[in-house]
Amino acid sequence: MIQKWLKAGVLEEGMRKQVEVGTVQGGSISPLLANIYLHYVLDLWAQQWRKQNDKGDVIIVRFADDFVVGFQYRHDAESFLAQMRERFAQFSLTLHKEKTRLIEFGRFAIQNRVISGEGKPETFDFLGFTHSRSLLRAMP
């Protein structure tokens, strides 16, 4: 069944077009295959990485092939990103250059950026939502 989905191609202007590699963007099988594939490539590997490397809290939120990874400490984030690039390369995968970045986010981001003079914390988009931190502080 998976082979049939992969060979199904895509309709463009009423004409069937063959797809050479991967799954069709927006195809019904794409999220399912991404979940299966990334379970082994990312999820299980990240679980093992956490046990061996991280010193602080780590959280991973993933939906199909979109994911955000949060770290308590920047050095853990930098190490994870470098090793994840190597891991993905082993499976002929790459990270999206425009979407992959390290940003300071979390409860100390505002305070740290004000102290360093960097201004407002960066935002990021994930699953159709823009996530941001405000320079305004919440009332206790």
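This passage describes the fold, the aromatic cluster and selected residues of a predicted model.

The protein chain contains 4 helices and 6 strands. Along the sequence these elements run α-β-β-α-β-β-α-α-β-β. The protein chain has 140 residues, and 21% of them are buried. Its exposed area is about 10,800 Å². Carbon and sulfur atoms supply 54% of that area. Contacts were also considered by separation in sequence. Among contacts between residues at least 6 apart, 37% join residues at least 24 apart.

Aromatic side chains were examined next. The structure holds 6 aromatic pairs. One of them is formed by Trp 45 and Phe 80. The ring centres of Trp 45 and Phe 80 lie 5.1 Å apart, and the planes meet at 45°. This geometry is classed as tilted, because the tilted class covers plane angles that are neither under 30 degrees nor over 60. The pair connects distant parts of the chain. Trp 45 sits in helix H2, Phe 80 sits in helix H3 (residues 74-90), and 35 residues separate them. Both positions fall below the cut-off for burial, which is under 20% relative accessible area. Trp 45 has a relative accessible area of 12% and is therefore buried. Phe 80, at 3%, is buried as well. The two rings also belong to a cluster: ring pairs link Trp 45, Trp 49, Phe 71 and Phe 80.

Phe 80 also has a neighbour in strand S4. Val 69 lies in that strand. Val 69 touches Phe 80, and it also touches Val 58, Ile 59 and Ile 60, with residues up to four places away in sequence left out. The C-alpha atoms of Val 69 and Phe 80 are 9.3 Å apart, at a sequence separation of 11 residues. Val 69 has 22% relative accessibility, so it counts as partly exposed.

Arg 87 belongs to helix H3. This arginine is buried, yet it has no salt bridge. The nearest side chain of opposite charge is that of Asp 43, 10.0 Å away. A salt bridge needs a side-chain nitrogen of Lys or Arg within 4 Å of a carboxyl oxygen of Asp or Glu. Arg 87 instead touches Tyr 40, Val 41 and Trp 45, not counting residues up to four places away in sequence. Trp 45 thus appears both among the contacts of Arg 87 and in the aromatic cluster.

Tyr 40 recurs on the surface. Together with Leu 32, Ile 36 and Leu 44, Tyr 40 makes a nonpolar surface patch of about 390 Å². Leu 32 lies in helix H2, which spans residues 30-53. Its relative accessible area is 44%, so Leu 32 is partly exposed.

Two loop residues were notable for backbone angle. Ala 64 has a phi near 55°, a positive value in a residue other than glycine. Ala 64 is located in the loop between strand S3 (58-63) and strand S4 (66-71). With 8% relative accessibility, Ala 64 is buried. Ser 92 is not a glycine either, and its phi is positive at about 60°. Ser 92 occupies the loop between H3 and helix H4 (109-116). Its relative accessible area is 70%, so Ser 92 is exposed. The two residues therefore differ in accessibility: Ala 64 is buried, whereas Ser 92 is exposed.

Terms used. Residues are numbered from 1 along each chain as its sequence is written. This is a predicted model: local features need pLDDT of at least 70, side-chain atom pairs count only at pLDDT 80 or more; totals for chains, interfaces and linings use all residues. Side-chain values use heavy atoms; hydrogens and water are left out. Patches are made of residues with over 30% relative accessible area and no salt bridge: like charges are joined within 9 Å, nonpolar side chains (Val, Leu, Ile, Met, Phe, Trp, Tyr) within 5 Å. Accessible areas come from the Shrake-Rupley method with a 1.4 Å probe; for residues, only the protein chains shown count as cover. Buried means under 20% relative accessible area, exposed over 50%, partly exposed in between (1.4 Å probe, protein chains only). Rings of Phe, Tyr and Trp (its six-membered ring) pair if their centres lie within 6.5 Å; planes under 30 degrees apart count as stacked, over 60 as edge-to-face and the rest as tilted. Contact means heavy atoms within 4.5 Å. Lys and Arg count as positive and Asp and Glu as negative; His and the chain ends are not counted.
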